[in-house]
Amino acid sequence: MSGSFTTTTARNIFYGGTLFFLLVFLALTFQNEQIIPQRDQREMLSNPQIAAGKKLWETNNCVGCHTLLGEGAYFAPELGNVVVRMGSKEAVKAFIQSRPAEGVPGRRSMPQFGFSDQDLDNIAAFLDYVSKINAAKWPPNVQG
Amino acid sequence: MSSNTASIAVQNPAARPGFSLLDRYHPPGDLAIWVFILAELLAFGVFFAVYAVARMKNVELFNAMQPNLDRSAGAINTVLLLAASWCVARAVAAIEHGRRAASARWLVAGIGCGAGFLVVKLFEYAAKFAAGINLATNDFYMFYLSLTFFHFMHVILGLVILVAVWLKTRAGAYSAADHHGMETGAAYWHMVDLVWIVLFPLVYVMR
Amino acid sequence: MNARRLDLVFAFLVAATGVTWVVGESGSAGPAAVALILGLAFAKGWLVIREFMVLRRASLLWNLIVGGWLTLVLAIIALTYWKAL
Amino acid sequence: MQYKSQAVAKPYFIGALALFVAQILFGLVMGLQYVVGDFLFPHIPFNVARMVHTNALIVWLLMGFMGAAYYLVPEESETELFSPKLAIALFWIFLVAAGLTVVGYLTVPYATLAKMTGNDLLPTMGREFLEQPLLTKMGIVVVALAFLFNITMTVLKGRKTAINTVLLLGLWGLAVMFLFSFYNPDNVVKDKFYWWWVVHLWVEGVWELILGAILAFVLIKITGVDREVIEKWLYVIITLTLVTGIIGTGHHYYWIGTPEYWQVWGGIFSALEPIPFFALTLFAFNMVNRRRREHPNKAATLWALGTGVMSFLGAGVWGFLHTLAPVNYYTHGTQITAAHGHMAFYGAYVMVVLTIISYAMPLLRGRAANSNKAQVAEMWSFWLMTISITFITLFLTAAGILQVWLQRVSDNPMPFMVAQDQVALFYWMREWTGVVFLVGLVVYLWSFFVKGEEKAA
């Protein structure tokens, strides 16, 4: 008898099983790419402000404190819906602009990044775009 | 090893650290495939339970959508899978008596039935896709497509394994004394069948 | 393994599938139809487990695990159908 | 130590531990900033401390993996390393690159760093865990490729075992998945979707192969159980890992603009992810219980068992707690995630690297095991660090539950910052527990210098 539990069989199952589930995952990914155009607001991206805003979001490492659609750090509020929470893009811009350079004694405070008006417009456009993505009704309420 | 004790894997547990409880008298086939089968059954089991709960929460939708499925195609496919399983079981029975050629023929028949399942299923999918149905259409179709597609992939994997077993049978790798590999492949194939036995009534018929 | 026994099992499995199909085509719904179909599914599954997968030659533990899977899955399904009545 | 070239592992282990210290120190800074918001502001804002904390973790684990590979592969392949010189050169390149990156984070504003390092050419920075400048990212790729070349050549010319094959697969997978960090589309949904191909498919995919291989190697050495048995377990565990973990990626695709079917697929498969970790625990205990020799290195055995238990708790149980979509709807992006992250990283990856260091370092220093006194110190550090990470996890979980309640569930949901003030007590408790962790780490490092009667190798 060749043994009731052979390393060869275990190895073959590993390779076969992994390949198999990878294929299933790729099929799901393919379907994902088919469906997300209905949800991701990609037509908004024709506005170059959004790409510029995303870059500012990245190069100032906003995700190091905030979450965006729930992903990021948990030190500062969720920003996926911040335009909705604050009521307007203008309110968001005003908040970013108003941050004191030396912080608030004893409290967490967002740094003063010294953005230009154009930068602020771009960031607001980006956050507005994210707030319009269909995120399956997340977050549960406006507080994020 | 004689055919009747073939599956009763007699081991000295002390010589096999780990898995000893499961290792003793496990069903025919390699223990490794049985661990894998249990994992697969668990995944399907959870999938079925999630389907059932989702249906419970939205009976109207599920009952309204279910009649759109092609029950006859589902039934034909059930018979094809059962036939494939039966052929594979007969192939194992044949090799237990050393009838290698007969065993290989039964395997071909089994593979043919399995391939038939895929063809029927593809026609079924083609009709659904032509109607513009995808995973985002609604919850019922999401589950229908997910469950049947996941199972479809398993049929393909099962067929790959059966073809490998068939090639080895033709090459004379199995005998009445040693057909461990064939039993391993057969066990996996029967699992694919078993899952469909639950899937078909659940998704296609019961309301 | 007894070939005739396998043939009989297969015949039963096909017949049971036929009944399930007829029930489906007749448009029957409700507890009786669901109970019948679930019962047939259990019988079919159990036969595949015992005869094709040859668990009748395996230990009680293995029979409990795989048979338990079938029972549990069908029981959960039955429960949700009953709850949704 | 059976092969001379295994010695190249030593600087990797030392470098890894140095970065471990940096990681913990910056963790304490962040923990304090949670309750004393203006601590070090505006010189080291939270996001900078966090970058150092997370990136140091990733880099020191990678260094630990590399050290483990350099130690383990020659012994498994029964041949000297293909090129020890290359290994040493890569160590210094990697260390200097990591050091320069950290200096960059700390000394110039991140936006300036981005400009200086050519982020405009190919924007990849500023995404969680992938904050490294383009140059660093390319450096990682070059180092990884050269490292893989070195290791692969060694395996090719020597014996191929399940352990070194699985390790190689894991390391290659690690390098390949990292390439997705260079893909950064403007479309946020796609950006996030493929970002997880790096992050999830690392920690819940290929890294677990590396973990399994390292643990299997150490268990063979310290228990003397047949290789055959251990290799079977290894294959079964990594099969279960990838079977559940690949599609388990879907549990990150609930709320980022991706379709709802991921809630079902991701939920089901990620809910099964604890199984391989449970198998890992069984594996470690089973092998140790059936050991055929009494290895003098008790500390390494303790770390190996600890890896099994803590990875199951941290990655398995704490992951399962919030992986199902109906639960995750409320817990997504809260301190619950942080709690899970801390215990999972410690239990799975920190502990497995400390396991191989604990086993290999004495041998690299020319003895079978450290003196009894040194081992006692090491075991103290094990308990200090393990218990404190457990409490950190519990406190963060408590903070998270309260946060979810106040901010997401209650009838009058509180704004984020108001809710944060309400959970400050738990942040303080977490910070003090973090101090205990640091004490544990100091004891750990001190154990390397404790003298005593040592057994010759």
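**Four chains, questioned**

Visitor: What share of the 207 residues of chain B counts as buried?

Guide: It's 53% of them. A residue gets that label if 20 or more other C-beta atoms, placed from the backbone, lie within 10 Å of its own; with 12 or fewer it is exposed, and in between partly exposed. For chain A, 47% of the 144 residues count as buried. This is a predicted model, where local features need pLDDT of at least 70 and side-chain atom pairs count only at pLDDT 80 or more, while totals for chains, interfaces and linings use all residues. Residues are numbered from 1 along each chain as its sequence is written, and chains are lettered from A and ligands numbered from 1 in the order in which they are written.

Visitor: What makes up the secondary structure of chain A, and what pattern does chain B follow?

Guide: Chain A comes to 5 helices and 2 strands, running α-α-β-β-α-α-α along the sequence. Chain B has 7 helices and 0 strands, which reads α-α-α-α-α-α-α. Helices here are DSSP runs of H or I with at least four residues, strands are runs of E with at least two, and both are numbered from the N terminus.

Visitor: How do you know what radius of gyration a compact globule of 144 residues would have, and what does chain A have?

Guide: The rule is 2.2 Å times the number of residues to the power 0.38, and the radius is taken over C-alpha atoms. That puts a compact globule near 15 Å, but chain A has 22 Å. Its C-alpha atoms fill a box of roughly 80 × 40 × 30 Å along the principal axes. For chain B the box is roughly 55 × 40 × 20 Å.

Visitor: Which two chains share the most contacts?

Guide: Of the 4 pairs in contact, it's chains A and D. A contact needs C-beta atoms, placed from the backbone, within 7 Å of each other. On that basis, 62 residues of chain D are in contact with 62 residues of chain A. α8(D) gives the largest share of chain D's side, 11 residues. By class, that side has 36 nonpolar, 14 polar and 12 charged residues. Nonpolar means Ala, Val, Leu, Ile, Met, Phe, Trp, Tyr, Cys and Pro, charged means Asp, Glu, Lys and Arg, and the others, Gly among them, are polar.

Visitor: How many residues of chains A and B are in contact?

Guide: Here 16 residues of chain A meet 20 of chain B. Chain A's side has 8 nonpolar, 8 polar and no charged residues. Chains A and C, by contrast, do not touch, with nearest C-alpha atoms 13 Å apart. Chains C and D do not touch either, and there the figure is 15 Å.

Visitor: At what angle do helix α7 and helix α8 of chain D pack?

Guide: Residues 188-223 (α7) and 227-248 (α8) pack at about 165 degrees, with their axes 9 Å apart.

Visitor: Why is α7(D) called roughly antiparallel to α8(D)?

Guide: Angles over 145 degrees count as roughly antiparallel, under 35 as roughly parallel, 65 to 115 as roughly perpendicular and the rest as oblique. About 165 degrees is over the 145 mark, so α7(D) earns the name. The angle runs from 0 to 180 degrees between N-to-C directions, with axes fitted to C-alpha atoms over the stretch in contact.

Visitor: Which residues meet there?

Guide: Among them are Leu209(D), Gly212(D) and Ala216(D) in α7(D), and Leu234(D), Ile238(D) and Leu242(D) in α8(D). The residues of that contact divide into 11 nonpolar, 5 polar and 3 charged.
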